[in-house]
Amino acid sequence: MKALRYENGSVSVTDVPKPVADGEALVRVTLSGICNTDLEIARGYAGFAGTIGHEFVGVIEEVSGGAQASLPAGHEHSAGLTPGIRVVGEINAGCGACDLCRAGDPRHCANRTVLGILGRDGAHAEFLKLPLINLLPVPDEVSDERAVFTEPLAAACGILERVSISEDSRVAVIGDGKLGLLCAQVIDTTGAKVTLIGKHENKLRIAARRGIEAITLNEALKRASQFDVAVEASGSASGFALAQQLLHPRGILVLKSTFHGKTEIDAATLVVNEISVVGSRCGRFAPALELLKCGAVDVESLIDGQFPLVAGVQAMDEAGKAGVLKILLRP
């Protein structure tokens, strides 16, 4: 099969053996999405080598013997999954034996592999494999073009696992890229007063069309100490600094993106204002699929192009251009 791989310091579309299910489920990929993490891996992030990509929708090709056995609590949805069913897949594959895995949540399993990121070939390929418990069926109402956003949308939903947000909350989301736009829309579903802060008028308009307040950085600087929660989704050290300025004392700063290199932290401000800093990484897929099913979020406006898998290198170049949102790959 063909796969988009990072090896020996470069990205290329390569012919590789089709994966063998070997106790897991084999999935034929129908659509995958290029993420900023893919771009970072192509720059040497985390030392990963292999097939990249972790956002996908596909169809189960094969379920190997034993894959249905002993599903942990919370994964009953996997019991009926058989070949031919359209699925998305949570990206953390746990060891299955530790307390976290037995409780049905392998996201912090010390021995996990992560699709296209850590120890496991990823989704920019014709086929991939994952444990059956990682797969969820896609509702008929959700198109492939929407379903491929399940993973990043789940990451946005993960904020609500880590922080209590109500309709009385005032929340600032910093960054108008793919992640920031999804975070703003997810938080908006709680009824909270959400403000998206960014630099690009065309991207801010996507949020504004959903009734979300969208303002520029210059406007945001006038809102010091006005927010209960600030979500940093820009991936820049300046966004971290802005988040601290926007929060009132005892506010909550949610770190939703990682930073390149070392980040200067104004520890004095955090201590004096008693700011809580909360990390947020992967979310569960079920809430994201429900939002997609009921049309509560706009993901179509985030699609800036589709490429065939064989043009994967060109697609990565396009995805890395300033201002480009989501680029999709179709095997």
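**Exercise 1. Work out how Glu 274 sits in this predicted model and what its salt bridge joins.**

*Solution.* Start with exposure: Glu 274 has a relative accessible area of 42%, so it counts as partly exposed. Next, look for its partner. Glu 274 makes a salt bridge with Arg 250, and the closest N and O atoms are 2.5 Å apart. Now place both ends: Glu 274 is in the loop between α9 (267-272) and β17 (276-279), while Arg 250 belongs to strand β16 (residues 247-255), so the bridge ties together parts 24 residues apart in sequence. Last, check the partner's cover: Arg 250 comes out at 61% relative accessibility, so it is exposed.

**Exercise 2. Find which elements the salt bridge between Arg 170 and Asp 228 ties together.**

*Solution.* First confirm the pair: the side chains of Arg 170 and Asp 228 meet at 3.2 Å, N to O. That's inside the 4 Å cut-off for a salt bridge. Then locate them: Arg 170 is in strand β12 (residues 170-174) and Asp 228 in strand β15 (residues 227-232), so parts 58 residues apart in sequence are tied together. As for cover, Arg 170 is partly exposed, at 36% relative accessible area.

**Exercise 3. Decide whether Arg 107 is buried or exposed, then trace its salt-bridge links.**

*Solution.* Arg 107 has a relative accessible area of 10%. Buried means under 20%, so Arg 107 is buried. One of its links goes to Glu 161, with 2.9 Å between the closest N and O atoms. Glu 161 lies in helix α4 (residues 150-162) and Arg 107 in the loop between α2 (99-102) and β8 (113-115), so this pair bridges parts 54 residues apart in sequence. Glu 161 itself is partly exposed, at 46%. Now widen the view: Glu 90, Asp 105, Arg 107, Glu 161 and Arg 284 are joined in a network of salt bridges. Across the whole structure, the search turns up 19 salt bridges.

**Exercise 4. Check the radius of gyration of the chain against that of a compact globule.**

*Solution.* Take the length, 331 residues: a compact globule of that length would have a radius of gyration near 20 Å, and the chain has 20 Å, so the two agree. Then look at the packing numbers: 50% of the residues are buried. Of the contacts with a separation of 6 or more, 68% are between residues 24 or more positions apart. The chain's secondary structure adds up to 11 helices and 19 strands. Finish with charge: there are 32 positive and 39 negative side chains, and the centres of the two sets are 2 Å apart.

Key:
Residues are numbered from 1 along each chain as its sequence is written. This is a predicted model: local features need pLDDT of at least 70, side-chain atom pairs count only at pLDDT 80 or more; totals for chains, interfaces and linings use all residues. Side-chain values use heavy atoms; hydrogens and water are left out. Helices (H or I, at least four residues) and strands (E, at least two) are DSSP runs, numbered from the N terminus. The radius of gyration is taken over C-alpha atoms; the globule rule is 2.2 Å times the number of residues to the power 0.38. Buried means under 20% relative accessible area, exposed over 50%, partly exposed in between (1.4 Å probe, protein chains only). Contact means heavy atoms within 4.5 Å. Lys and Arg count as positive and Asp and Glu as negative; His and the chain ends are not counted. The place of a charge is taken as NZ of Lys, CZ of Arg, CG of Asp or CD of Glu.
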